[in-house]
Amino acid sequence: MTGKDLLFPNYIFESSWEVCNKVGGIYTVLSTRAKTLQNKMADHIIFIGPDCWQEKESPYFAEDISLFSDWRKYAQENGLKLKIGRWKVPGEPIAILVDFQDYFTIKDEIYAKLWENFQVDSLHAYGDYDEASMFSYAAGLVVESFYNYYLDSSVKVIYHANEWMTGLGLLYIRHQLPQIATVFTTHATSIGRSIAGNNKPLYDYLFAYNGDQMAEELNMQSKHSIEKQTAKYVDCFTTVSDITAKECLELLDKPVDVVLPNGFEDNFVPQGSEFTKKRRLARKKLVDVANALMGTDLDDDVLIVSTSGRYEFRNKGVDVYIEAMNRLLRDRNLKKKVLAFIEVPGWVGEPRKDLVERLNSGQKFDTPLEVPLITHWLHNMTHDNVLGMLKYLDMWNRNEDHVKLIFLPCYLMGDDGVLNLSYYDLVLGNDLCIYPSYYEPWGYTPLEAVAFKVPCITTDLAGFGQWANQVKGGNSEIIDGVKVIHRTDYNYSEVADTIKDTVSEFSSFDKASVTKARTNAGKLSKKALWTHFITYYYQAYDFALRKAADRMKEMNSTT
């Protein structure tokens with residue numbers, strides 16, 4: 001089907017818990033794709049997110065009372081509490097933030113209707129299920145109100161919901177406004193993530209798992225139910241990679257209609273002399289912090305590596321990363337000293353005062369601080385997984401160790417009190433980034449790394465890793481910009497050895513080989529820009545619009 005044949009919406013409403021709410025990778029998916037859609041649709045792409053900030057000013061949202069002022073008044077008179085403005089990302093799309101607190105008083109009634117209409121089991125709800133569902137319901141009411149005020153059946157409209165948290169609103173729209181075409185994207189199935197996170201083998205036994213049975217075993221019935229029923233009743237069911245598409249088929253009993261790989265915009269990557277300046281600053285900051293913490297005299301020749309992402313110890317491969325660094329300690333082929341960071345946000349307490357004092361003094365020190373492994377104190381020092389594994393492996397950053405590992409357990413927003421650089425201003429200082437994920441539907445962290453020309457290591461259990469192999473047409477190696485390691489349920493030790501060997505190999509690269517790997521990393525990232533990947537979304541919109549049109553024909557023929 002050619003581009004001219006595709007049906008395209010006049011309006012898209014897209015809801016997510018991460019609209020104007022920077023929590024995880026979905027924020028990056030939506031915020032970077034926004035510019036491409038805004039350029040094409042000019043304020044007819046409208047994002048809906050939770051009003052998490054209430055009276056405080058959001059750093060991601062700028063209210064604009066001139067937008068839809070007549071409808072706003074109408075909506076507020078009808079009980080909707082909302083703010084209308086613009087998302088402060090490239091393209092500055094319209095965003096509506098909705099306050100959903102009032103709906104908790106009628107949640108039982110909402111859940112009863114959900115069961116009656118779509119057989120969603122909310123009886124076992126706990127934790128964030130209620131909060132997500134009330135937001136999702138409110139988002140559905142916003143779209144219903146806007147549609148009834150401004151639009152009619154002559155206008156092609158898409159409602160796009162992301163993750164199980166927005167399923168209730170999508171089903172509400174499906175019931176109340178069947179003429180609206182619906183798209184649902186699961187970025188990771190709730191039950192698949194739970195199976196992996198509970199140290200159960202996901203992949204070898206995927207064909208044998210029953211999603212409903214596992215949901216009951218893992219106390220995930222309600223999240224699994226809303227996700228499964230949304231996938232069943234949506235017009236176009238999508239996910240982000242082929243590996244997660246298999247998971248959806250097995251655990252949700254529904255084949256995916258379109259795979260939507262995660263692209264990005266590279267406008268956050270500095271160019272030319274600014275890139276060189278920022279890279280130099282990042283490396284200096286990392287080395288200075290390490291030297292102050294450990295009483296060492298590392299210089300710019302040290303090989304800086306890191307892993308980052310959410311604190312999912314097994315799923316993100318933090319465990320195998322630590323194991324690999326431990327094995328690297330005894331690798332005789334290692335040609336450089338290695339400074340390894342773990343940049344995952346833990347239950348952080350405060351920046352270490354003793355470390356900050358050393359950094360501010362400008363002096364050099366030849367003795368380590370107490371616990372020379374961590375930059376910020378944690379509330380749970382004795383029960384933290386990273387610190388626990390380092391203690392078990394007897395890794396203490398001793399003076400004679402050629403591999404030093406430091407835990408940086410906070411969100412890198414530029415105000416952490418120690419490094420005071422944002423993640424994007426820090427990641428480009430690395431020589432290598434390592435993301436040996438066990439469960440990773442896509443994987444933004446390696447994509448961001450290669451955008452900054454930092455070669456990275458990932459696995460073929462990550463959607464990004466599989467894509468990198470597809471682009472290469474074989475096994476992608478570190479000289480290609482991305483080393484993709486084959487990972488299974490049971491080859492943990494082999495993965496750790498391969499990481500160790502790859503870091504060791506990279507340490508022996510001459511300048512020309514390093515340049516080649518960095519250049520290839522940058523080239524690969526260009527192939528993942530939204531200009532290439534947005535076409536998959538256009539296919540999904542077309543699929544949903546045709547399904548909705550067929551439904552309306554059928555409904556009209558029976559009335």
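What follows is a short chat about the sheets, helices and cysteines of a predicted model.

Visitor: What kind of model is this, and how are residues numbered?
Guide: The model is predicted, so local features need pLDDT of at least 70 and side-chain atom pairs count only at pLDDT 80 or more, while totals for chains, interfaces and linings use all residues. Residues are numbered from 1 along each chain as its sequence is written, and side-chain values use heavy atoms, with hydrogens and water left out.

Visitor: In what order do the 9 strands of the open sheet run?
Guide: The order is S3-S4-S5-S2-S1-S6-S7-S8-S9, with mixed pairing. Strands (E, at least two residues) and helices (H or I, at least four) are DSSP runs numbered from the N terminus. Two strands pair if DSSP finds at least two bridges between them.

Visitor: Which strands stand at the edges there?
Guide: Strand S3 (61–63) and strand S9 (258–259) do; each has a single partner strand, so one side of each is left without a neighbour in the sheet.

Visitor: How many bridges join S7 to S8?
Guide: 4 bridges join S7 (residues 181–186) to S8 (residues 236–239), and the two run parallel. Thr186 has Thr239 in S8 as its bridge partner.

Visitor: Switching to cysteines. How many disulfides are found?
Guide: A search of the whole structure gives 0 disulfides, a disulfide being a pair of cysteine sulfur atoms within 2.5 Å.

Visitor: Why no bond for Cys248?
Guide: The closest cysteine sulfur, in Cys236, is 12 Å from the sulfur of Cys248, which is too far for a bond. Cys248 is also buried, at a relative accessible area of 0%. Buried means under 20% relative accessible area, exposed over 50%, and partly exposed in between (1.4 Å probe, protein chains only).

Visitor: And what about Cys456?
Guide: Its sulfur is 7.0 Å from that of Cys433, the closest cysteine sulfur, again too far for a bond. Cys456 counts as buried, at 0% relative accessibility.

Visitor: What is the pairing in the sheet of 6 strands?
Guide: It is parallel, in an open sheet ordered S14-S11-S10-S15-S16-S17. Strand S14 (403–407) and strand S17 (482–485) are the edge strands, each pairing on one side only.

Visitor: Which residue stands opposite Ile434?
Guide: Ile457, in S16. Strands S15 (residues 432–434) and S16 (residues 456–459) pair in the parallel sense over 2 bridges.

Visitor: Where does helix H16 pack?
Guide: Helix H16 (residues 463–472) packs on the sheet and touches S16 and S17, where contact means heavy atoms within 4.5 Å.

How values were computed: Axes fitted to C-alpha atoms, helices over the stretch in contact; angles between N-to-C directions.
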